[in-house]
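Here are some short exercises to work through with the model open beside you. Try each task before you read its solution.

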Amino acid sequence: MAALSHLLLAALLWVPVGTLTCYGDSGRPVDWFVVYKLPAHSGPGDAAQRGLLYKYLDQDSGGWRDGTGSINSSMGAVGRSLLPLYQNTTSQLSFLLYNDQPPKSSGSWDSSSRGHTKGVLLLDQEGGFWLIHSVPNFPPPASSAVYSWPPSAETYGQTLLCVSFPLTEFLDISRQLTYTYPLVYDHRLKEDFAQKFPHLEEVVKGHHVPRGPWNNSVTLTSRAGATFQSFAKFGNFGDDLYSGWLAEALGSNLQVQFWQKSPGILPSNCSRVQHVLDVTQIAFSGPAGPTFSTTEDHSKWCVAPEGPWTCVGDMNRNQREEHRGGGTLCAQLPALWKAFQPLVKACKPCGEKSRAFSSGSPAEHMS
């Protein structure tokens, strides 16, 4: 009976060879999804108390749904999408794992000069996906041979955006990484990929864009034809991503959710045509909520209150990150905006000083 159960589980977790794409909670390929990992104590039950529950969204989900199981399960969207990294079923697989707070199992790294950026590129000869997230110490390096969620990322809220792209789009994606200047802690770049995507090889070597302009935006088209706009800046840009560039580029006011337990938090900014407000409270609809403060949430996203833009990325609004690389991925997809816009329950008005956290528990020094 145990052997039969093992075989059934293996079948459920099987990912077709050569199909590198985002996988939804349904177990089927999707063009894109967002996973919003909820803060701990955001509902009843042990999984909620530990901070392992999440909300799930894709183009066909009809809004936020409760996630399948817990975030540390290989049955959910994130775990299933990353399975090819750990199953190693194809010799054509190439990948980049980058994080300014890499897993401790990947070795010792100095990220102080690198971009404040976290993500995964997974691709083969036909295409792949870009996973942009806010999760420290994630994902495990490929050598771990198993997907897992880091205990250090259980307490606070986190966001993960996965988009499936055809192979041609990775030329522009890789160029964006030369602006964000990521710390790559694990990679495999097949020789033919290194030739096709020279920027990826430069990023792996720790190189960055050599001269200004120090910011760049590019339009990306997903495998199913959805349009995304990638915004990336190098540290020499010297300004806040949101109030210094993004709001004007999108022509929209922005409400920004970010980690507010770090030094030098930037206050809401109404000094320009487009206003940028710091979110202070988030609420999911329905009797179960949940509702939580932005100080319980390590996710990084913004939404135009009047529509139609929504962006998910990896940057905060603080003085230090004005001088670090990073970026965000934006879209005018109705399903995305209708899901994120109602989440904003309260914002900090302009003229009110933000609290600057300069000390506290180790968790408060996350980024």
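A residue counts as buried when its relative accessible area is under 20%. Keep in mind that the model is a predicted one.

**Exercise 1. Which residues of helix H4 are buried?**

Solution. Begin by finding the helix: H4 covers residues 170–180. Next, apply the cut-off of under 20% along the helix. Phe170, Ile173, Ser174, Gln176, Leu177, Thr178, Tyr179 and Thr180 are buried. That makes 8 of its 11 residues, so H4 is mostly covered, in line with the cut-off of under 20%. Finally, look just past the helix, where Tyr181 follows with a positive phi, near 55°.

**Exercise 2. Is Ser230 buried or exposed, and what does its side chain meet?**

Solution. Step one is the location: Ser230 belongs to strand E12, which spans residues 227–233. Step two is the cover: Ser230 has a relative accessible area of 2%, so it is buried. Step three is the side chain, which makes a polar contact of 3.0 Å with the side chain of Gln176. Gln176 is itself one of the buried residues of H4. Step four widens the view. Setting aside neighbours within four places in sequence, the contacts of Ser230 are Trp130, Gln176, Asn216, Ser217, Val218, Leu220, Thr328 and Leu329.

**Exercise 3. Which strands pair with E12, and over how many bridges?**

Solution. Take one partner at a time. Strand E11 (residues 215–221) pairs with E12 over 7 bridges in the antiparallel sense. Within this pair, Thr219 is opposite Gln229. The two strands form a hairpin with 5 residues between them, and there Gly225 has a positive phi near 100°. Now turn to strand E18 (residues 326–331), which is antiparallel to E12 and joined to it by 6 bridges. Here Phe231 has Thr328 as its bridge partner. To finish, check the cover of the strand: 6 of the 7 residues of E12 are buried, so the rest of the structure largely encloses it.

**Exercise 4. What is the order of the strands in the open sheet of 8 strands, and which stand at the edges?**

Solution. Walk across the sheet and you get E5-E4-E3-E9-E8-E7-E6-E10, with antiparallel pairing. Strand E5 (65–66) and strand E10 (184–188) stand at the edges; each has a single partner strand, so one side of each lacks a neighbour in the sheet. Then add the helix: H3 (residues 77–87) packs on this sheet and touches E3, E4, E6, E7, E8 and E9. The direction of H3 makes about 120° with that of E3.

**Exercise 5. Which way do the residues of E3 point, and which residues stand opposite them?**

Solution. Strand E3 runs over residues 32–37, and 6 of its 6 residues are buried. Sort them by direction: Trp32, Val34 and Tyr36 point one way, while Phe33, Val35 and Lys37 point the other way. Now look at the partners. E3 and strand E9 (residues 158–166) are antiparallel and joined by 6 bridges; Val34 is opposite Leu161, and Trp32 has Val163 as its bridge partner. E3 and strand E4 (residues 54–58) are antiparallel too, with 5 bridges, and Val35 is opposite Tyr56.

Technical notes. Residues numbered from 1 in each chain as written. Predicted model: local features only at pLDDT ≥ 70, side-chain atom pairs only at ≥ 80, totals over all residues. Heavy atoms only, no water. Helix = DSSP H or I, 4+ residues; strand = E, 2+ residues; numbered from the N terminus. Buried < 20%, exposed > 50% of the residue type's maximum accessible area, 1.4 Å probe, protein only. Polar contact = N/O pair within 3.5 Å; in protein donor to acceptor, adjacent residues only side chain to side chain. Contact = heavy atoms within 4.5 Å. Pairing = 2+ DSSP bridges. Axes fitted to C-alpha atoms, helices over the stretch in contact; angles between N-to-C directions.
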